[in-house]
Each structure stands twice: as C-alpha cells, then as structure tokens.
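Q: Please take a close look at one part of this model, with the cut-offs behind each term stated.

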Amino acid sequence: MTDTPDPTRSGAPLRLVDVQAAVAAELDRIGPVIDELGALFAAAGHELALVGGPVRDAMLGRRSNDLDFTTSARPEQTDRILKAWGDAWWDMGRDFGTIGCRKGEWVVEVTTYRSESYDPDSRKPEVQYGDTLAGDLGRRDFTVNAMAVRLPGREIEDPYGGVLDLAHRVIRTPGTPEQSFSDDPLRMMRAARFAAQLGFSVDPSVVQAMTDMADRIQIISAERVRDELVKLVCAPHPRLGLELLVETGLADRVLPELPALKLERDEHHRHKDVYEHTLTVLEQAIDLEPRLLERADIPGPDFVSRFAALMHDVGKPRTRRFQDDGAVTFHHHDVVGAKLTRKRMKALKFSNDQIDAVGDLVELHLRFHGYGSGEWTDSAVRRYVRDAGEQLERLHVLTRADCTTRNKRKADRLRRTYDDLELRIDRLSAQEELASIRPDLDGNQIMTILGIGPGREVGEAYRFLLELRLDNGPMAEADADAALREWWAARG
C-alpha cells in the first residue's frame with residue numbers, strides 16, 4: 001500500500017497522486033466486503049456507497065475494518081439484506097435509518113439516504129429520508145466527509161471538492177457554513193474536533209460562522225456536547241481544537257473555565273499566562289501517556305489524565321490576589337478548581353467515576369510541592385499514595401506535566417525531586433503494599449478486643465488504627481492490640 005503523508009504529523013499539503021494511490025490501495029484491501037455488499041444491494045434494486053470517514057481515511061492512507069455505507073434502501077430493506085449476509089446485527093440507530101452488522105472481522109453500518117435539521121428550539125434533529133446520493137452528501141458536515149464511493153463499480157463521488165480540501169488540509173462545509181450550523185449546531189464543535197484529529201486548518205468563513213452562531217450550541221444536549229469534547233481532547237492535537245473553541249466563543253458556552261484562564265497579566269508580569277500554561281501542560285501530559293500504559297496498563301489516549309491537565313488550574317481566576325509588593329497568589333486554587341471541575345463535568349453528564357477521577361487529580365495536583373527537596377517523612381509519602389488511590393500513576397503524569405518553567409536548572413531539579421519521590425513510593429510499596437493500605441486490625445478484631453458491637457465507635461477505632469498505620473508503617477498484631485486498648489482507655 002502507498003502511504004499518504006499523515007496530516008497529523010506534517011503540515012505539508014498532500015499530493016493528489018498520493019491521495020489517489022492511497023484510496024485505490026485501501027479499496028483493494030476492503031474489496032471483498034464492499035464489492036459483495038454492493039452486488040447484494042444492486043441485485044435487490046438499491047444503490048449503495050461507501051461514505052464519510054472510511055473514504056476520507058482511505059485517502060489519508062489509514063486502514064480500518066469499520067465501514068460506513070449509505071443506501072437508497074429503507075431500513076427494513078437493509079435489515080433483510082444484512083441478516084442474509086452477516087453474522088450479527090443491531091438496529092439501535094433504526095430511528096435515524098441505520099442498521100449495523102458484523103461479519104468476521106468487519107463491522108458495517110448502513111444508513112438510508114437522509115437529511116436532518118433542528119428546529120430553532122429543539123434539542124433533537126428531525127430525520128427525513130432522501131432519494132439521492134448527492135442529496136445525502138450535501139447534508140453532511142464537511143467536504144472531507146462528503147465524499148463517497150459508489151458500489152459495486154467503485155466510482156468516486158466528490159461533488160463538493162472534498163479531495164482538494166483534504167489535499168490542502170482545510171475544513172470547509174459543503175454549502176454555506178451558516179446553513180450547515182443551522183441544520184445541526186453541534187457541527188461547530190465537530191469543526192474544532194476534526195481540526196484536532198486531522199491537524200487541518202479551518203476555513204475563515206467557517207470560523208466566522210462559528211463565532212456568529214456560537215449561541216446556537218445551547219440547543220444541543222449536554223450529552224452530545226460532552227461526546228464531542230471527549231473526542232477533541234483525545235485527538236492527536238487537542239490544542240488546535242481547544243484554541244478554536246476559545247477563539248470563536250464556543251468555549252464560553254460549553255467549557256467557560258478554559259477561556260477564563262486568559263487572565264490579564266499584572267503590570268509586573270509576576271505570574272504566567274495561565275491559559276498558555278494550561279495548554280502546554282496538556283501537551284506534556286500527552287507526551288507522558290506511555291508511562292500510564294507501562295506502569296498502570298492504561299492505554300492512551302487517556303481522557304482522564306488529559307482533562308485533569310486541562311482543568312488543573314481553573315481555580316486560579318477565583319483565587320487570584322495581588323499583594324502589596326505586586327506579587328500574585330492563588331491560594332487554595334486546587335480545592336476551588338476541583339469543585340469547579342466537578343460542577344462542570346456534572347453539567348456535561350459525565351459518569352460519577354470520571355468526575356471523581358478528574359476532580360481528585362485537580363485537588364491533588366499541588367500536593368507534591370510540599371515535598372521540598374525530600375523532607376517528607378515516610379508517613380507523608382504513605383498519605384500521598386493513600387489519597388491518590390487508583391489515580392496515583394495519573395497524578396505522577398499530571399505533576400510532572402505541570403512543570404513548564406523555561407529555567408532549565410529549576411526544571412531539572414523538579415524532575416530529580418519527583419524521581420526521588422517515586423523511588424520512595426516504589427520502595428515503600430514493595431515493603432508495605434501501599435496500594436492497599438489498611439489498619440493492622442480489621443473490624444471484627446476491633447469489636448472483639450474492645451468488647452463492643454457494630455456502630456460508630458468501631459469506625460472511630462478503625463480510623464485511629466489507619467492513622468497509626470500511616471504514621472508507623474506495618475505493626476505486629478500484638479502492638480496494634482496494645483495501641484488500640486491504650487487509645488480506648490484514654491478516650492474514657
């Protein structure tokens with residue numbers, strides 16, 4: 001296969017000859033599927049075309065076994081054809097005209113030609129079936145997604161110049177951007193997401209329409225906005241998409257904490273540009289993602305660590321204070337930021353697990369700075385591990401990424417200091433199983449020793465023993481027994 005230059009790695013325009021070679025090679029690879037399905041639909045009197053992302057990705061030299069098709073057949077007709085062809089089927093998208101199917105390693109989704117748009121005050125699109133491939137392509141979001149390959153003949157349909165836009169690495173809409181975004185305002189966020197995924201620029205007319213129509217995003221459900229935001233943050237170049245959201249004002253509607261970081265710098269320039277710092281921390285966290293796979297079996301792209309990097313300083317605008325000498329402070333911005341992060345994620349309908357993970361990381365991101373040059377006791381190290389819990393490896397990534405100083409000596413010192421902390425954590429973990437720290441006596445033992453039944457006092461005793469364990473490390477059962485009895489007696 002002839003590989004096309006990957007636009008996420010290079011800013012150079014693509015050569016049309018490379019695009020043509022890439023798509024021809026990919027169509028040959030997936031030929032057994034697309035030719036067979038094309039013949040089946042044609043025999044039943046229906047049109048079928050490979051469409052959208054698979055066509056775009058084929059032209060970029062990317063391979064996928066997930067294939068999207070569009071057809072003149074209605075859903076019930078598509079359902080009959082796919083059930084005779086595939087191994088498993090689903091129709092969760094039937095209301096939108098989509099039937100899914102799996103056959104061996106291939107996953108296909110076939111959607112009836114359609115057009116959809118929003119009423120001015122509606123959160124749900126109105127779906128109407130169409131009759132032509134050209135009409136179906138015309139209602140799609142961007143020209144690079146409005147290309148198709150007719151089957152089984154493999155003729156390329158590109159009525160809106162998607163091939164040229166792909167070669168020039170630009171995001172445009174098939175019609176006017178105003179009409180496109182009026183039909184579906186979520187496309188404004190998709191423009192930012194595709195910029196982040198593909199490394200493409202966005203046509204000035206599209207940027208202007210996004211700016212003028214930013215308020216329209218408010219009719220879109222929180223869940224759909226959240227899903228686009230996750231895809232953007234997990235893209236190869238999220239900075240491109242996030243900067244576009246801020247530039248157009250969309251971020252003010254969906255993630256206002258981000259543009260709020262564009263603080264006016266004080267006259268003495270005593271603190272960083274927090275917005276630029278945040279985007280740099282995000283990029284550095286992405287660079288550190290291989291650690292997560294190696295040490296915690298967390299594959300990238302990892303939304304939790306990336307979003308924590310994006311939100312870690314959102315408490316600064318509310319906590320900024322100017323001192324008499326011109327210095328600037330942000331006391332407790334970690335705690336305030338965690339609250340703001342949880343509130344925003346709840347509004348965007350994230351899961352409780354994701355909210356807790358990101359919120360905890362934001363709240364803990366400053367903890368390391370109390371470590372100094374290694375003054376923490378083993379007790380403090382144990383508490384650091386205990387408080388981080390399952391997010392410890394992500395906290396390592398966030399803390400390291402948060403160092404954006406241009407002072408090489410300071411950066412090297414911070415890195416060496418955190419290396420030392422991690423070595424101490426590893427050493428203590430090997431000795432004491434820090435990841436599962438618990439008291440040296442369990443609840444049943446506590447009740448037996450103190451002669452009490454279940455209740456609040458057992459919980460108090462448990463917490464006392466846990467603090468003792470964190471302070472002293474593992475204790476012999478007899479020593480823990482004696483300490484518990486002494487505490488109980490002193491308690492009166």
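A: What follows looks at one acidic side chain and its surroundings, and then at the chain around it.

The model is predicted, so local features need pLDDT of at least 70 and side-chain atom pairs count only at pLDDT 80 or more, while totals for chains use all residues. Residues are numbered from 1 along each chain as its sequence is written, and side-chain values use heavy atoms, with hydrogens and water left out.

Asp 183 lies in helix 7, which covers residues 177–183 (helices are DSSP runs of H or I with at least four residues, strands runs of E with at least two, numbered from the N terminus). Asp 183 is buried yet has no salt bridge, and Arg 187, the nearest side chain of opposite charge, is 4.5 Å away. Here buried means under 20% relative accessible area with a 1.4 Å probe, counting protein chains only, and a salt bridge requires a side-chain nitrogen of Lys or Arg within 4 Å of a carboxyl oxygen of Asp or Glu. The side chain of Asp 183 does make a polar contact of 2.7 Å with that of Gln 179, the term denoting a pair of N or O atoms within 3.5 Å, where within protein one must be able to donate a hydrogen and the other to accept it, and residues adjacent in sequence count only if both atoms are side-chain atoms.

As for the chain that holds this site, 51% of its 492 residues count as buried, and its secondary structure comprises 24 helices and 13 strands. The C-alpha trace spans about 90 × 60 × 45 Å along its principal axes.

Notes. Buried < 20%, exposed > 50% of the residue type's maximum accessible area, 1.4 Å probe, protein only. Lys, Arg positive; Asp, Glu negative; His and termini not counted.
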